[in-house]
Amino acid sequence: MNVKTLIQVFLLFSSLSILSIGGGNTVLPEMHRKAVGGYHWLTDKQFADVFAISQAAPGPSILIVTMIGYKAAGIPGAILGTFAMMLPAGMLVYLVSRIWERAKHSPARKAIEKGFAPLTVGLILASAWIMSKAADHDWRAYLLTAACTAIFCTTKINPLFVVSAAGLIGWLGWV
Amino acid sequence: MSEKPSLFELALTFNQIAVASFGGGLSAWSREVIVAERKWMEDEEFLSAVTMCRILPGANQVNLAVFVGVKFRGIPGALAAVFGLTLVPVLIVLALSYFYFQYHEVPAVAGILKGAAAAAVALTLSMVFKTGRKCLVSLVPVLLFLAIFLMNGLVRWPLLACLSLLAPLAIAWAWPKEKTP
């Protein structure tokens with residue numbers, strides 16, 4: 001195990017963590033610059049591949065860090081990198097949520113909760129839009145999306161069942 | 001909600017959210033489980049937490065796990081929620097990394113993911129309908145909703161630019177009116 005590499009992994013990802021305003025994907029260019037160009041942990045092609053793989057895996061989108069850490073320094077690198085990517089940002093969220101809890105009855109919190117609701121719904125719609133663009137959907141996928149939306153909105157069927165069925169349809173090559 | 005969830009429940013719940021999201025749509029899964037199924041939060045509180053977690057640095061869903069964990073059980077709660085959210089995905093990604101760097105290819109799951117992604121988009125859209133029905137009830141919130149979708153979704157402005165324009169308007173609109181004496 002290479003301690004120097006582990007330290008580099010920790011320092012790189014903990015600094016990216018605090019810079020990633022707006023979500024993990026905003027620091028991808030900087031991550032690429034350092035991991036590929038600076039440290040030569042992986043090649044250009046490998047970076048693109050691990051990005052695609054980490055997006056397809058379940059869970060939070062920052063798990064590309066796990067794969068880069070793995071390539072740089074094995075399993076310890078993977079775990080340390082993932083931890084470093086979450087710790088500084090997590091501490092900031094902790095501080096903010098404490099302030100938020102203390103402001104429970106303030107007019108500012110009431111106004112933010114009420115005012116942010118329509119904005120958040122708009123942002124969620126934007127992410128649905130961007131997701132379907134990124135997945136390069138054709139008309140069959142849109143049809144499947146429409147059918148699933150109708151099921152989610154009108155029935156109480158467990159969504160996991162619907163997503164799995166849609167996965168099966170994809171596996172059979174129907175979309 | 002009768003009582004606070006235990007650390008174990010927090011970990012289990014976020015694990016459920018993470019594993020269910022294999023086609024994407026983590027935000028929608030979070031609402032489905034935290035608001036609709038477990039009733040730990042109301043929609044309004046949940047939605048504002050989602051946007052705050054987006055503004056703060058870090059992965060949105062990790063931030064949301066920290067936020068919900070702290071709300072119920074302080075720092076141990078945050079650790080339990082993040083652990084639950086990331087354990088299984090990290091193991092999966094590690095296995096995929098091993099395959100990729102060893103054999104230079106990944107097991108063929110592209111078809112499954114394509115179908116699941118279509119359903120994940122659907123779940124996200126249904127979240128828009130379910131939450132929109134409650135908060136898009138007058139002209140101003142509908143305009144705010146349309147404006148941010150246009151800016152962030154269609155024109156692809158960065159989140160902070162959209163919010164620095166629209167958040168002050170939203171807060172001014174929502175500020176509690178003082179009762180006239």
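Trainee: How many residues of chain B are in contact with chain A?
Mentor: Keep in mind that we're looking at a predicted model. On the other side of this contact, chain A puts in 81 residues. The number from chain B is 88.

Trainee: Which elements of chain B give two or more residues to that side?
Mentor: Start at the front of the chain, with H1 (7–20), H2 (26–37) and H3 (43–55). Then carry on along the sequence for the rest. The full list is helices H1, H2, H3, H4, H5, H6 and H7 of chain B.

Trainee: And how do the residues of that side divide into nonpolar, polar and charged?
Mentor: We're still on the side of chain B that touches chain A. The split there is 62 nonpolar, 20 polar and 6 charged.

Trainee: Let's step back to the fold. What pattern does chain B follow along its sequence?
Mentor: Chain B has 7 helices and 0 strands. Read along the sequence, that gives α-α-α-α-α-α-α.

Trainee: What box do the C-alpha atoms of chain B fill, and what share of its residues count as buried?
Mentor: Taken along the principal axes, the box is roughly 70 × 40 × 25 Å. Chain B has 181 residues, and the share that counts as buried is 55%.

Trainee: Which residues have the most contacts inside the largest nonpolar core?
Mentor: That core has 118 residues. Helix H4 (residues 60–103) of chain B gives the most to it, with 19 residues. It also draws at least three residues from each of domain 1 and domain 2 of chain B. The residues with the most contacts inside this core are Ala81(B), Ala118(B) and Ala119(B).

Trainee: Take Ala119(B), then. Which residues of chain A does Ala119(B) touch?
Mentor: Leave out anything up to four places away in sequence. From chain B itself, Gly23(B) is on the list. From chain A, the names are Leu144(A), Cys148(A), Val162(A), Val163(A) and Ala166(A).

Trainee: How far apart do the C-alpha centres of the two domains of chain B lie?
Mentor: The assignment gives domain 1 as 7–135 and domain 2 as 136–181. Their contact takes 4 residues from domain 1 and 5 residues from domain 2. On the domain 1 side, H3 and H5 of chain B each supply at least two residues. As for the centres, the separation is 25 Å.

Trainee: How many residues of H5(B) are buried?
Mentor: H5(B) reaches 37 Å from its first C-alpha to its last, close to the 38 Å expected at 1.5 Å a residue. This helix is mostly covered. Out of 26 residues, the buried number is 19.

Trainee: Over to chain A. Which helix of chain A has the lowest mean pLDDT among its elements?
Mentor: For chain A as a whole, the mean pLDDT is 90, and 99% of its residues reach 70 or more. Helix H1 (residues 3–19) of chain A has the highest mean among the elements, at 95. The lowest, at 83, belongs to helix H3 (residues 44–56) of chain A.

Trainee: What covers the buried residues of H3(A)?
Mentor: The buried ones are Phe47(A), Val50(A), Ile53(A), Ser54(A) and Ala56(A). The cover comes from both chains. It includes H2 (28–38) and H4 (64–102) of chain A, together with H4 and H5 of chain B.

Trainee: Is Trp100(A) buried or exposed?
Mentor: Trp100(A) lies in helix H4 of chain A. A residue needs 20 or more other C-beta atoms within 10 Å to count as buried. Trp100(A) has 21, so the verdict is buried.

Trainee: And Ala161(B): buried, exposed or partly exposed?
Mentor: You'll find Ala161(B) in helix H7 of chain B. The cut-offs are 20 or more for buried and 12 or fewer for exposed. Ala161(B) has 13 other C-beta atoms within 10 Å, so we call it partly exposed.

Trainee: Last one: what ipTM does the model score?
Mentor: For chain B, the mean pLDDT is 90, and 94% of its residues reach 70 or more. The pTM of the model is 0.86, and the ipTM is 0.87.

Key: Residues numbered from 1 in each chain as written. Chains lettered and ligands numbered in written order. Predicted model: local features only at pLDDT ≥ 70, side-chain atom pairs only at ≥ 80, totals over all residues. Helix = DSSP H or I, 4+ residues; strand = E, 2+ residues; numbered from the N terminus. Core = buried A, V, L, I, M, F, W, Y, C linked by C-beta atoms within 7 Å. Domains from an automatic or database assignment. Contact = placed C-beta atoms within 7 Å. pLDDT = per-residue confidence, 0-100. Nonpolar A, V, L, I, M, F, W, Y, C, P; charged D, E, K, R; others polar. Expected span 1.5 Å × (residues − 1).
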